[in-house]
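Student: Before we discuss any details, could you put the model in front of us, and then take me through its helix packing, its overall form and one residue?

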Amino acid sequence: MWLRLAALAAFMVVPVAYAQTGTAPTSTLTLDDAIARVANTHPDLRIFEGRRQVLDANLASASLKPGLTLGGTIENTMGTGAYRGFNEAELTVTLAGVFERGGKLEARRTLALANIDTLAPQREVARLDLLAETARRYLAVTAATRRKGIADLDITQRKRAVEAARVRLNAGASPESVVLTAQAALANAELDRDRAIADEKAARQNLAALWNERTPGFAIAAGNPLVLPDLQSFEALSAYLQNTPELAELAGVERVREAQVRLARTEATPNIDWQAGVRNNRANGDTGFMAGFSIPLGSARRAAPGIRAAEAELALTGLERESLNIDLYSTLTNAYGDYTTSQLEVSRLRTDVIPRLEKAEKAAEYAWKAGAISYLEWSQLQGQRVEASVRQLQVAIDAQSALIEIQRLTGQPIVASGATTP
């Protein structure tokens, strides 16, 4: 059974403050809720129900034997001489049909059933793609919310700088240009916050569009994208690729092509057209039985091109499977490498870079207030602290995206047993 996507395992779901302009949210939406809505309502999944009805009708049609034909013929009438009237007329009534040979009926049924069997993996591929897209859009909302939090932090520290600059200006220790520079930095931080709010609103709208909600009134139960659990080994994950729905879908295509080869081969065996009936001679009132049959010649020669085409198409399946295996493995390799690299970077930023920048920024604030350094040095440290946080968030979002892609590829549990997260 295919499991929910990686974001569910990666996000430690905790409520966060909701911030936007406009109407307040009326409910809280978790990723589980979003996935359930998409799985139950999206037309890309419901369309398979209609396709199944079409294929069931095709199966019913393929299961029918050739129909019988009732015919009638009148001869020796409406002419000249003795054939002027109906005195010499002959009336023939026939019943005709086709005797199929070579297993055509069973071959048609097999092809129709093979087409039905392809629906399940096709739907699974569509379902996993939709769930992955849902997780990505949910992640976009989370990312915008986290960017707003970083902007709020930047606004807080920029406000401290403005107040400190005003104090020094009033004391005659620094020029007015320092206050204006600090106010400009504060305005930039407020612009970043407003942009994050707008991005969050657009991301929510984009998420709600998946279940055709035009005016979303929900907040999300956003998790922490910086939480990146350890994964199973690459060898274990790559082994899951043999059970992906993409390969199952290709296996279904192979069965369809095999059925097409079988059906094409049946055309080499000619059918027998037969007819039987009675003939009545009006001139003497006699009635007689008649029967006949016909067999087309050269059926094997005419069927040969179709057989070759079907066999050639079937032979392509092996190459397509090999190509698909390479694509799946390459995609998994890239996603796994991106995740592990991003996981390392997020960890180093959290433990080594950001704490030191926080301490340096606070020390710079004290030093500037004491007149030991310039405002520019303090402002640069404030900017570096924010840049490091933004970088950490972006790297974490890239890691979460890679995690979603790994889950889409494997459809299996990917978090290592006993994995710990900071």
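**Packing, overall form and one residue**

Tutor: In this predicted model, helix H5 (residues 119-170) packs with helix H10 (residues 375-410), the axes lying 10 Å apart at an angle of about 170 degrees.

Student: How is H5 oriented relative to H10, roughly parallel or roughly antiparallel?

Tutor: The angle between the two helices is about 170 degrees. Because angles over 145 degrees count as roughly antiparallel, the orientation of H5 relative to H10 is roughly antiparallel.

Student: How many residues of the contact of H5 with H10 are charged?

Tutor: The residues of this contact divide into three classes, with 16 nonpolar and seven polar. The remaining class, the charged residues, numbers ten.

Student: What is the radius of gyration of the protein, with its ten helices and six strands?

Tutor: The C-alpha atoms fill a box of roughly 140 × 45 × 35 Å along the principal axes. For 422 residues the globule rule gives 22 Å, and the computed value is well over this, so the protein is more spread out than a compact globule. The radius of gyration is 38 Å.

Student: Is Glu 365 buried or exposed?

Tutor: Glu 365 lies in helix H9 (residues 299-369), and, leaving aside neighbours within four places in sequence, this residue is in contact with Arg 160 and Trp 378. Its relative accessible area is 8%, and since buried means under 20%, Glu 365 is buried.

Key: Residues are numbered from 1 along each chain as its sequence is written. This is a predicted model: local features need pLDDT of at least 70, side-chain atom pairs count only at pLDDT 80 or more; totals for chains, interfaces and linings use all residues. Side-chain values use heavy atoms; hydrogens and water are left out. Helices (H or I, at least four residues) and strands (E, at least two) are DSSP runs, numbered from the N terminus. Buried means under 20% relative accessible area, exposed over 50%, partly exposed in between (1.4 Å probe, protein chains only). Contact means heavy atoms within 4.5 Å. Axes are lines fitted to C-alpha atoms, for helices over the stretch in contact, and angles run from 0 to 180 degrees between N-to-C directions. Angles under 35 degrees count as roughly parallel, over 145 as roughly antiparallel, 65 to 115 as roughly perpendicular and the rest as oblique. Ala, Val, Leu, Ile, Met, Phe, Trp, Tyr, Cys and Pro count as nonpolar, Asp, Glu, Lys and Arg as charged, and the others, Gly among them, as polar. The radius of gyration is taken over C-alpha atoms; the globule rule is 2.2 Å times the number of residues to the power 0.38.
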